Each structure stands twice: as structure tokens, then as C-alpha cells.
Amino acid sequence: MPERDDKIEIENAVSPGHRQRVDRAKYTAMRDALLAVLPAAAPGLSVAEAKQALLARLPEALFPGGAKAGWWMKAVQLDLEAKGTIERAPGKPARLFKPAARSPRRARAASPPDAGRA
């Protein structure tokens, strides 16, 4: 089934259990660009700084003039957070970085704000 090969299933750190199928080539290009620009330690880069840094790394054929780069960056960011590949530093604005020791699903291990309430 060649149709399925051009799609990849991604997760969402904000909505655990929610999965979405997206274009594999665009996802992979954005993932590679984002991971290339993020530092390996906190505080990392703000989302705006990361986007600015990765734009030059995106293939023009997939993201002509940076089109839709913001949406794709957010989708990849949330997927990588769900997988524990990247993390957000505490505070605002959101700052992203690659943790030194990756722990899969670390993003899901955090208790939700209403945990413990009955």
C-alpha cells in the first residue's frame, strides 16, 4: 500500500491519546530541521527563535517561502514532546531544548493539574 507509506502517525503532548496522520516528507523535514537547531540543554530556544533558525533548513519544494512552517513546527514539536525527544523549559515564553538523557514518554509522566481530585 504505497498510499500509507507517505503518511506518518504523530502524537500530541497536550492531548494524550490523540493521534493524527500527516505527510511523512514534511514531518521528517521539519523534525530534522527542528532537532538541528535546538540546543542540548535548557533554557533552549523560544518557539519564535527556533522557527526563525530552522526556516533556512527547510526544503523549498516542501515549504515554498516557508509556507505552513508554523503549523508543521507546532505539530512536530508536540509529537516530539509526547515522545520525550524534546522538552519545554519552565516559564514563559515556551523554550524548547533536547534533554541530555532522553526518557520516552516523559511528557506523559507528568501529572495533570487536576490529578488527585475525586
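**Exercise 1. Determine what share of the contacts in the protein chain, among residues at least 6 apart in sequence, join residues at least 24 apart.**

Solution. Contact means heavy atoms within 4.5 Å. Among contacts between residues at least 6 apart in sequence, 51% join residues at least 24 apart. The model is predicted, with local features needing pLDDT of at least 70 and side-chain atom pairs counting only at pLDDT 80 or more, while totals for chains, interfaces and linings use all residues. Residues are numbered from 1 along each chain as its sequence is written, and side-chain values use heavy atoms, with hydrogens and water left out.

**Exercise 2. Work out on which side or sides of helix H2 the buried residues lie.**

Solution. Start with the element itself: helices (H or I, at least four residues) and strands (E, at least two) are DSSP runs numbered from the N terminus, and H2 covers residues 24–37. Next, list the buried residues (under 20% relative accessible area, where exposed is over 50% and partly exposed in between, with a 1.4 Å probe and protein chains only); in H2 these are Tyr 27, Ala 29, Met 30, Ala 33, Leu 34 and Val 37. Because they cover an arc of only 165 degrees around the axis, they are on the same side of H2; the arc is that of the directions from the helix axis to the C-beta atoms. Finally, what covers these buried residues includes strands S1 (7–11), S2 (19–23) and S3 (45–46), together with H3 and H4.

**Exercise 3. Describe how helix H3 packs against helix H4.**

Solution. Helix H3 (residues 47–54) and helix H4 (residues 69–83) pack at an angle of about 115 degrees, with their axes 11 Å apart; axes are lines fitted to C-alpha atoms, for helices over the stretch in contact, and angles run from 0 to 180 degrees between N-to-C directions. On the H3 side the contact is made by Val 47, Ala 50, Lys 51 and Leu 54, and on the H4 side by Ala 69, Gly 70, Met 73 and Gln 77.

**Exercise 4. Is Ser 46 buried or exposed, and which residues does Ser 46 contact beyond four places in sequence?**

Solution. Ser 46 belongs to strand S3. Its relative accessibility is 11%, so Ser 46 counts as buried. Leaving aside neighbours within four places in sequence, Ser 46 is in contact with Pro 93, Ala 94 and Arg 95.

**Exercise 5. Place Pro 39 and find its contacts.**

Solution. Pro 39 sits in the loop between H2 and S3, and with a relative accessible area of 28% Pro 39 is partly exposed. Not counting residues up to four places away in sequence, Pro 39 touches Gly 44, Leu 45, Leu 96, Phe 97 and Lys 98. Of these, Phe 97 is 58 residues from Pro 39 in sequence, yet their C-alpha atoms are 5.4 Å apart.

Methods:
Expected span 1.5 Å × (residues − 1).
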